[in-house]
Amino acid sequence: MAKRASAGELRTRIYIRKTAKAADDEGVASRHEETSIFEDGPGRQERMYHCKWVNAYGAEVLTAMQLEIQEPATLTMRYSPLIQPDQLVYKVGDPVPYEIISVNDVEDRHCWLEVKVRRRRAAR
């Protein structure tokens with residue numbers, strides 16, 4: 001897993017969104033809305049983020065299979081305090097989101113983030 005990346009390695013374009021859930025008076029979920037974590041002005045497109053995307057390989061795949069994690073990957077990107085574990089990551093052109101498993105501020109320097117993601121799937 002890369003703890004750093006050069007600017008040329010940040011090739012994968014992604015969107016990061018948070019989910020907002022609303023409930024009615026009885027506590028039943030009524031709305032599920034996704035919004036960008038970055039400030040979007042009226043009439044402006046959602047901001048893309050660039051990262052280095054590395055799919056799991058080797059022993060990491062076997063561990064993921066034991067934990068029933070589908071399609072794990074590690075993203076290396078520039079630091080942003082807005083990125084949290086309860087958000088979704090969309091690759092540009094892929095409609096199925098990835099869930100963030102963990103966020104690691106590399107060496108607590110606020111320079112790079114190492115984010116572990118997995119493919120989101122429906123509950124059983």
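What percentage of the 124 residues in the protein is buried? In this predicted model, in which residues are numbered from 1 along each chain as its sequence is written, local features need pLDDT of at least 70 and side-chain atom pairs count only at pLDDT 80 or more, while totals for chains, interfaces and linings use all residues. Side-chain values use heavy atoms, with hydrogens and water left out. Buried residues, meaning those under 20% relative accessible area with a 1.4 Å probe and protein chains only, make up 31% of the 124 residues.

The protein contains one helix and seven strands, assigned as DSSP runs (H or I, at least four residues, for helices; E, at least two, for strands) and numbered from the N terminus. These elements follow the order β-β-β-α-β-β-β-β from the N terminus on, and the C-alpha trace spans about 45 × 40 × 30 Å along its principal axes. Of the contacts (heavy atoms within 4.5 Å) with a separation of 6 or more, 58% are accounted for by residues 24 or more positions apart.

The largest nonpolar core, a set of buried Ala, Val, Leu, Ile, Met, Phe, Trp, Tyr and Cys residues joined through side-chain atoms within 4.5 Å, has 17 residues, and those with the most contacts inside it include I14, W53, L75 and M77. Two or more residues are given to this core by each of β1 (12-23), β3 (49-55), β4 (73-78), β6 (98-105) and β7 (112-119). When neighbours within four places in sequence are left aside, the contacts of M77 include I14, I16, Y49, I83, W112 and V115.

Key: Buried < 20%, exposed > 50% of the residue type's maximum accessible area, 1.4 Å probe, protein only.
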